[in-house]
Each structure stands twice: as C-alpha cells, then as structure tokens.
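User: Hi! Could you walk me through this model, starting with its empty spaces?
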Amino acid sequence: MSKLEVDKTRPVLVTGATGYVAGWIVKRLLEEGVTVHAAVRNPDDRSKIRHLDELAEKLPGTIRYFKADLLDNGSFDDAMAGCGIVFHTASPFTLNIRDPQKELVDPALLGTRNVLETANRTDSVKRVVLTSSCAAIYGDNADINTTPDGVFTEEVWNSSSSLGHAPYSYSKAVAEREAWEIARRQSAWQLVVLNPSLVIGPGVNPHGTSESFNIVRQMGDGRMKSGVPDLGLGAVDVRDLADAHLRAAYLPQAKGRHIISGHNTSLLGIAKALLPNFAAYPVPRRTLPKWLVWLVAPIVDRSTTRKFVSRNVGFSWFADSSKSARELGMVYRPLESSIRDMFQQMIDNGLIPKP
Ligand code: NAP
C-alpha cells in the first residue's frame, strides 16, 4: 500500500458504512488519514457505529456520519457533497428473504441508481468504486459449462438468475448493469467495479449480520457436523477486499470490472482449512450425497431450492482473478489464516460454543 498515493485533501463517501465489508474499508481509509463520510441508515443507533467511532478515536483520519437510505432519493446529497471518491458498498446481502423484489432488488438496483444520480449532481466526484459481486458474473455453478474456457472471467455476465431463482445474485447483476449504463452516459466520473467472491475473515464489528457470518458460524456450531453439500465457490479475505477498494479508488489506471477472489475452493475446502486449528469443534469433514441434499435442503432451509441444488451442487468453481493481480497489484492471503481469524473471533465473542 506504500506506493499508493492516497488523496487526503477531499473527503470520501462510504455507503453502507455499518456493513462487514465497509468496516474494513473505513478502517483502511482512517489509517491513511482520510476524512470519511459514513452514510448509514440510522446514525442514532450507537450499537451499529460504536466500532467505527472506536477506530476513529485512535487513527489519524476523521469520520462524519450522514443519514441516508438507498430507497430515499436524494438522501445521499449531503453525504456526497465535496467528496472526490464514492465507495458504494450498501446492498443487502441476505439469503433468508420473503419478498425478493422489495428486500433485495429494489435496494440494490434503485439504490445504485440513487447513489450514481447523486454523483451526477456532485461536481467534486471523480471516481465511484462499486462493490458488485461474483454473483453478477455467474448465477449457478453450472454456468461454468457455458463460459468460453470453463472459467469465470470479467467478460462473463450472470444471465441465469431471476427474481424467482437466486434473487440475491439477480439483484447484484441488475445493479451492476445499471451502474455501467449510468456511467456510460456521462464523463465527469469513472466507474471502477469490484466483483468479490464469498468474503470471509474477521469483522471490524464482531457481531456483523452479513450472510458471511451465518455461513462460517454454521461450520462451528454443529449444524453442519454430518457434512456439507459438495459446493464449489470462491473465497476472499475481507481485509484483502478492503485493500482492493483502496487500490481501485487511488490507482489512476484502475478500470472496468475486477474479480476479487483469493481461492477457488468449496464449502468443504473452507471447512478443511479449519481442521489444523479447530479439530475439536464439530467442523464438517465430508460432503453429503447430492440426492440427499436435493431431498432435504428445501425442508431444512427455505432459501435453498431443488433447482439451486441441481445447478450448483457437484460443480467445481473456477474464477480467474489474474486481472486484480496484474492491474491492482493484489496479493491474497492464505485461506487458512482468513478462516482461522474469523472462527477464533466467533469463539471469543460467544457465537460458536466451545466444545
Ligand atoms: P452487510 O454487512 O449486510 O452490509 C450491507 C450494508 O448495506 C449495511 O451497511 C446495510 O445497512 C446497508 N443497507 C442495506 N439496505 C440499505 C438501505 N435500504 N439503505 C441504506 N443502506 C442499506 O453485507 P456485506 O457482506 O458487508 O456486503 C457489502 C457489499 O459487498 C454488498 O454490496 C454485497 O453485495 C457485497 N458482497 C458481499 C460478499 C460477501 O460474501 N459478504 C460477497 C460479494 C459481494 P444497515 O446496517 O443499516 O442494515
């Protein structure tokens, strides 16, 4: 990071500053001495921002809170005023939903439109860094069979998700498409997009509500002790992802989409990375037969449909993140250290019971 020229003369906006990913972005910015405009839904809820205040107390940068909601047009105006860079991270990441349009697609799509139209009205903004997702690149693991070389790249777009199937992935795909569309119609600011795979690693706030916490917690609290679905996925450390955001913001040549993923792995691969340090815990050690997952999963978990199982379980996952290394200079830390630090934090905070 020493080579990065961080502009401290203008404040930057971080949307969704209470979130898991945003927490580390804010921390890195405060370390660099930047003034952070933190857009949050409810700045009066101290429980959601205490961890950020604690950081700001000991780091050189400054934090200012602004009330803003993705669904409230114009509510980012004050937060964005005077900012040179906008980090747009806010978007719900939850799989347990009842109304996909209202709970996922509206905040993702209308929220992106709201934030980027505010950028259009704010002369100081020169760059927007959008936290998209690998979910905007692929919908189901089976999509790998229709990619040109059997690998997910920045050229690929998710065309298999819909409101009725994988709605979170759909929300990320339509939001990123909208961002590119708005960016194309103007020349005042540049759009740089990051497409992270599953984010793991400790939270700046150990009590985060991102789906990442649920997935890792289930690996230690016994719910997965009889095994996990054979599900390929990518993983990246939240601290590496924050680093990628700063690089995307401050490297002049940063351009386009970037897969941010440290490891082509699987649910079992993540579980196995826990074994050297946490073998005494009920960590999954095997995969379950696909037919059993197909039969039982929708009963155990409403959000896992049989179509999801058919098109994802038993498929490997490969993404090419070489652009992030080449153009952003990304170096990813080992999977074992990401999962160890997150699991240990959950134990220390009573989220995973001691065996
Ligand atoms: P998170 O902790 O749940 O953060 C989501 C943030 O969005 C929260 O700050 C939340 O605010 C905010 N938000 C949600 N609805 C909002 C609304 N209507 N108005 C204003 N703010 C709203 O999730 P995360 O994992 O950090 O995700 C951050 C970003 O990374 C998202 O864009 C997500 O799609 C992307 N991403 C995450 C992963 C992953 O594995 N975690 C992987 C790829 C991409 P409240 O605190 O008020 O709810």
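User: How do the residues lining the second largest pocket divide into nonpolar, polar and charged?

Analyst: The lining of the second largest pocket has three nonpolar, three polar and four charged residues. Here Ala, Val, Leu, Ile, Met, Phe, Trp, Tyr, Cys and Pro count as nonpolar, Asp, Glu, Lys and Arg as charged, and the others, Gly among them, as polar. One note early on: this is a predicted model, where local features need pLDDT of at least 70 and side-chain atom pairs pLDDT 80 or more, while totals for chains, interfaces and linings use all residues. Residues are numbered from 1 along each chain as its sequence is written, and side-chain values use heavy atoms, with hydrogens and water left out.

User: Thanks! Which residues line that second largest pocket?

Analyst: Its lining is made of D7, R10, G84, I85, S124, K126, R127, Q190, A249 and Y250. On a 1 Å grid over the protein atoms alone, a pocket is an open set of points with protein on both sides within 12 Å along at least five of seven lines, a cavity is a set where a 1.4 Å probe fits but cannot get out, and lining residues have an atom within 4 Å of a point.

User: What lines the second largest cavity?

Analyst: Around the second largest cavity you find D7, R10, P11, V12, G84, I85 and Y250. By class, that is four nonpolar, one polar and two charged residues.

User: Switching to the ligand, which residues come nearest?

Analyst: T18, R41, K48, Y168 and S210 do, out of 25 residues around the ligand. A residue counts as near if one of its heavy atoms lies within 4 Å.

User: Where does the ligand have polar contacts?

Analyst: A polar contact is a pair of N or O atoms within 3.5 Å. A polar side-chain atom of S210 is 2.7 Å from a ligand oxygen. Polar backbone atoms take part too, with V21 at 2.8 Å from an oxygen of the ligand and G19 at 3.2 Å from one.

User: And Y168, what aromatic partner does that residue have?

Analyst: The structure holds eight aromatic pairs, and in one of these Y168 joins F93 in a tilted arrangement, 4.6 Å centre to centre with 35 degrees between the planes. Rings of Phe, Tyr and Trp (its six-membered ring) pair if their centres lie within 6.5 Å; planes under 30 degrees apart are stacked, over 60 edge-to-face and the rest tilted.

Key
A polar contact is a pair of N or O atoms within 3.5 Å; within protein, one must be able to donate a hydrogen and the other to accept it, and residues adjacent in sequence count only if both atoms are side-chain atoms.
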